[in-house]
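Welcome to this short tour of a structure and the molecules it holds. Take a moment to look over the sequence and the 3D view below, and then read on.

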Amino acid sequence: MTTPRLTLPSPAKLNLMLHILGRREDGYHELQTIFQFLDYGDEISFAVRDDGVIRLHTEFDGVPHDSNLIVKAAKQLQEQSGCALGIDIWIDKILPMGGGIGGGSSNAATTLLGLNHLWQLGWDEDRLAALGLKLGADVPVFVRGHAAFAEGVGEKLTPVDPEEPWYVVLVPQVSVSTAEIFSDPLLTRNSPPIKVRPVPKGNSRNDCLPVVARRYPEVRNALNLLGKFTEAKLTGTGSCVFGGFPSKAEADKVSALLTETLTGFVAKGSNVSMLHRKLQNLL
Ligand SMILES: C[C@](O)(CO)[C@H](O)COP(=O)(O)OP(=O)(O)OC[C@H]1O[C@@H](n2ccc(N)nc2=O)[C@H](O)[C@@H]1O
Ligand SMILES: Nc1ncnc2c1ncn2[C@@H]1O[C@H](COP(=O)(O)OP(=O)(O)OP(=O)(O)O)[C@@H](O)[C@H]1O
């Protein structure tokens, strides 16, 4: 008898704004950012095994098995929960790596929530988010599954409900190293903290944009091209560039023009992650 597989979505995120307030003693940066999910992402399938082995069957270019955030998330959860079960994992990977749309962090969160369900651990969201934070600054928001205003290094989350437009997302064919951008001497690190909620209009800038655009001509090009149709923004530390449109038809039209020369996709913004919508249906 074959073990049944559970397939769960692993959505992308966008940073609708990103301000850098300062640098902490450990080198990490204090941020204020707004996360929103996309109805677009990878799909991860899981099948429980009873021998305790954790095995990711899909190979990733340049990411060894044990360094994959999916495997790290599974191992840490197994270790900390004392669970004797194991897991077989497959992923249908469509999210670009190093694109600032959070693929690795989202994969880690989907793994944590999927295994919590399949291994019947009964961990609450706070505990899963705390474990997730050790894997990456963006993991907690994917664990919680609601669009959020984030502070600290991204772990202090307040749910928000921004508009949910259709986005054109351009994917310049360069991988941007987050660590490299955060260590650039030209990065602005002194944005004043926003104290008013909701975040007032006019605060949509991303402090990483000037540094990324300066270093990567491909990103500059994408910003210029999309900027002809709408406000073109950078997500995270890039490389992806996005802009919102009121309808799918308008987003499709612009995407069709731009993707003649650039890679990209159209997806709807969503304040509730599609992972959580699927899990809700399961329960
Ligand atoms: C900037 C964002 O993309 C916003 O969504 C994320 O906070 C980055 O999250 P991430 O890719 O999961 O980043 P991590 O793997 O935690 O960190 C990668 C590297 O970026 C730098 N880093 C990251 C986040 C942060 N708040 N300050 C930093 O200085 C650190 O050098 C760190 O070693
Ligand atoms: N499951 C995974 N999916 C993607 N990348 C992974 C994974 N596991 C490890 N990595 C490593 O993490 C790096 C960053 O990947 P990721 O896709 O999260 O970047 P990102 O979209 O820029 O994320 P962020 O917006 O959180 O900075 C990759 O270049 C890769 O080396």
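## The surroundings of ligand 2

Around ligand 2 there are 21 residues, and N68, G100, G102, G104 and D138 come nearest; a residue is near a molecule if one of its heavy atoms lies within 4 Å of it. This is a predicted model, in which local features need pLDDT of at least 70 and side-chain atom pairs count only at pLDDT 80 or more, while totals for chains, interfaces and linings use all residues. Residues are numbered from 1 along each chain as its sequence is written, chains are lettered from A and ligands numbered from 1 in the order in which they are written, and side-chain values use heavy atoms, with hydrogens and water left out.

The residues of this shell divide into 7 nonpolar, 11 polar and 3 charged. Here Ala, Val, Leu, Ile, Met, Phe, Trp, Tyr, Cys and Pro count as nonpolar, Asp, Glu, Lys and Arg as charged, and the others, Gly among them, as polar.

## How the backbone meets ligand 2

Several polar contacts (pairs of N or O atoms within 3.5 Å; within protein, one must be able to donate a hydrogen and the other to accept it, and residues adjacent in sequence count only if both atoms are side-chain atoms) involve oxygen atoms of ligand 2. A polar backbone atom of G104 is 2.8 Å from an oxygen atom of ligand 2. For I101, a backbone N or O atom lies 3.1 Å from an oxygen atom of the ligand, and for G99 the distance from a backbone N or O atom to a ligand oxygen is 3.4 Å. On its own, ligand 2 has 610 Å² of accessible area, and the protein covers 79% of that; such areas come from the Shrake-Rupley method with a 1.4 Å probe, and for residues only the protein chains shown count as cover.

Which elements give two or more residues to the shell around ligand 2? They are α1 (69-81) and α2 (103-118), and α2 gives the most, with 4 residues. Helices (H or I, at least four residues) and strands (E, at least two) are DSSP runs, numbered from the N terminus.

## Ligand 1 and its pocket

Ligand 1 is surrounded by 16 residues, the closest being K13, N15, H29, A137 and D138. Side chains reach its oxygen atoms: a polar side-chain atom of H29 lies 2.8 Å from one, a polar side-chain atom of K13 lies 3.1 Å from one, and an N or O atom in the side chain of Y28 is 3.3 Å from one. The protein covers 79% of the 640 Å² of accessible area that ligand 1 has on its own.

Ligand 1 sits in the largest pocket, and the space taken by ligand 2 is the largest pocket too. A pocket is found on a 1 Å grid over the protein atoms alone, as an open set of points where a 1.4 Å probe fits, with protein on both sides within 12 Å along at least five of seven lines; lining residues have an atom within 4 Å of a point. A molecule sits in a pocket if more than half of its atoms lie within 2 Å of its grid points. The shell around ligand 1 divides into 7 nonpolar, 7 polar and 2 charged residues.

## What the UniProt record adds

An unreviewed UniProt entry lists P96, M97, G98, G99, G100, I101, G102, G103, G104, S105 and S106 for "binding site". From this set, the lining of the largest pocket takes in P96, M97, G98, G99, G100, I101, G102, G103, G104 and S105. M97 lies in the loop between β4 (86-92) and α2. UniProt positions are given in the numbering used here, feature names are shortened, and annotations may be inferred rather than shown by experiment.

The record also places "domain: GHMP kinase N-terminal" at residues 68-145, where the chain is 59% helix and 9% strand. It gives "domain: GHMP kinase C-terminal" for residues 208-256, a stretch that is 53% helix and 14% strand.

## Backbone details to look for

Most residues other than glycine have a negative phi, and most peptide bonds are trans. Q120, in the loop between α2 and α3 (125-135), has a positive phi near 50 degrees.

The peptide bond from R197 to P198 is cis, with omega near -10 degrees, and P198 lies in the loop between α5 and α6 (209-215). Another cis bond runs from G238 to S239, with omega near 15 degrees.
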